[in-house]
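Please read this report with the sequence and the structure side by side. It goes from single residues to helices, a core and a few loops.

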Amino acid sequence: MSSPAVSSRARLFGLICCAAVLAGCTTGQPADTARTDSTRTTIPSGAIGGQTVDTAFASAALRAIDPCGLLDQNTLRQLGTSSQPATQNEIDSCSADLDDGKGKSLGIEVIIGGDLASTTASGTIAGLPVKEEATDTDCGERLITQHNPTTGIEIRVNYNGAAACVIARQLAGLVVNHIRTKAPQRPNGVSSVVLINPCDTIDDATAQNLTAVGPGKTVEGLFKCDWQAGDYDLSVEYTLGGNPKDDTFNGTPQPVDVGVPAYAFSSKDVYPSCDVKWLVRSVGSGQGEVVDVQFGDVLGGTLDPCTQAQAAAKVVAAKVPHAS
């Protein structure tokens, strides 16, 4: 899911000032930098948490970071000029549109806790292993913070040619050092779901009961967990979006009670599936933290997706904060 801020822009004035950040960074081969959720890292039960590269970047610490706090005015002014503050795109990302001082625009995006499965580092930035991927107009720095499963921080820059990677490396260094010195935190004292590992919301025995077979557990970044078993697929994901009761894009919301007011959405687009969603808390501008529990009948089983999704949602709702 690419940010609107990282789609059609150009870039920057302070390229020379990033020379210190570039030291020790090895460039990878050009590749597509579009965001994807198609990769999965399968891990054995009990292995969630992985091997942290640096304690400052442990998964629990990354969940607590405010992604837009990493794109504060002090950071932005080192890259360009902007009349608007950075914008949170998703629960794990923030982006900004800047002017390079030469009449060209540039787009930047930071993604915290992204799924970096199959990423092999080709260098380092500020002490973290990194894989650089670039096209003619975009550059991405994939900073690995944890192995098994491989997750990390993604920096994306939309600008002209090789200059995009120069800026991406600079921003990567700024972000890493910001986290090490004083990581910006999400608001305290609110009923936020982000601090809870989604893989902790359904235990293995419950997942096995819901899917009728012992499932394999996978993680997709810090905010989605998935259980695959036989004919079925079960997942728990945290997203940033509008109130599900107002979501008519995915069909007519069907009110359901899972211990909190929630809404079910049935689909047969790819295979029979059902999502049960509810709002945990509002974050302004019609946006809020949403829990999405999905059950899919991938291979033509006999279990009803909405019945199973609601049963799973009741388990999850008991583990996460309620709307505030």
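Ser 273 touches Phe 265, Ser 266, Ser 267, Gln 294, Phe 295, Gly 296 and Pro 305, leaving out residues up to four places away in sequence; contact means heavy atoms within 4.5 Å. Ser 273 is found in strand β15. Helices (H or I, at least four residues) and strands (E, at least two) are DSSP runs, numbered from the N terminus. With a relative accessible area of 8%, Ser 273 is buried. Buried means under 20% relative accessible area, exposed over 50%, and partly exposed in between (1.4 Å probe, protein chains only).

This is a predicted model, in which local features need pLDDT of at least 70 and side-chain atom pairs count only at pLDDT 80 or more, while totals for chains, interfaces and linings use all residues. Residues are numbered from 1 along each chain as its sequence is written, and side-chain values use heavy atoms, with hydrogens and water left out.

**The whole protein**

The secondary structure comes to six helices and 16 strands. The protein has 324 residues, of which 54% count as buried. Among the contacts with a separation of 6 or more, 65% are between residues 24 or more positions apart. The protein exposes about 13700 Å², and carbon and sulfur atoms supply 51% of this area. Accessible areas come from the Shrake-Rupley method with a 1.4 Å probe; for residues, only the protein chains shown count as cover.

**Helix α6**

Pro 305, one of the residues that Ser 273 touches, is also among the buried residues of α6. The others in that list are Cys 306, Gln 308, Ala 309, Ala 312, Ala 313, Val 316 and Ala 317. Seen down the axis of α6, these buried residues fall within an arc of 165°, so they line one face of the helix. The arc is that of the directions from the helix axis to the C-beta atoms. An α-helix has 3.6 residues a turn, so residues three or four places apart point the same way.

What covers the buried residues of α6? The cover includes α5 (204–211), β12 (232–241), β14 (261–267), β15 (273–284) and β16 (287–297). Helix α6 runs over residues 305–317, and its 13 residues should span 18 Å at 1.5 Å a residue; the end C-alpha atoms are 18 Å apart, which agrees. The expected span is 1.5 Å times one less than the number of residues.

**Glu 289 in strand β16**

Strand β16 holds Glu 289. Is Glu 289 buried or exposed? At 3% relative accessibility, Glu 289 counts as buried. A polar atom of the Glu 289 side chain lies 2.9 Å from the backbone nitrogen of Val 193. A polar contact is a pair of N or O atoms within 3.5 Å; within protein, one must be able to donate a hydrogen and the other to accept it, and residues adjacent in sequence count only if both atoms are side-chain atoms.

Leaving aside neighbours within four places in sequence, the contacts of Glu 289 include Ile 91, Ser 191, Ser 192, Val 193, Thr 239 and Trp 278. Glu 289 and Gly 241 are 48 residues apart in sequence, and their C-alpha atoms are 6.6 Å apart in space.

**The largest nonpolar core**

A nonpolar core is a set of buried Ala, Val, Leu, Ile, Met, Phe, Trp, Tyr and Cys residues joined through side-chain atoms within 4.5 Å. The largest one has 73 residues, of which Ile 108, Ile 153 and Trp 278 touch the most other members. Helix α4 (residues 163–182) gives the most to this core, with eleven residues. In α4, 16 of the 20 residues are buried, so this helix is largely enclosed by the rest of the structure. Its 20 residues should span 28 Å at 1.5 Å a residue, and the end C-alpha atoms are 28 Å apart, which agrees.

Apart from neighbours within four places in sequence, Ile 153 is in contact with residues including Phe 57, Leu 62, Val 110, Leu 116, Val 175 and Ile 179.

**Backbone details in loops**

Pro 149 lies in the loop between β8 (138–147) and β9 (151–158). A cis peptide bond joins Asn 148 and Pro 149, with omega about 0°. The table lists two residues other than glycine with a positive phi.

| Residue | Phi | Loop | Relative accessible area |
|---|---|---|---|
| Ser 118 | near 70° | between β5 (105–115) and β6 (123–125) | 73%, exposed |
| Ala 126 | about 50° | between β6 and β7 (128–134) | 31%, partly exposed |
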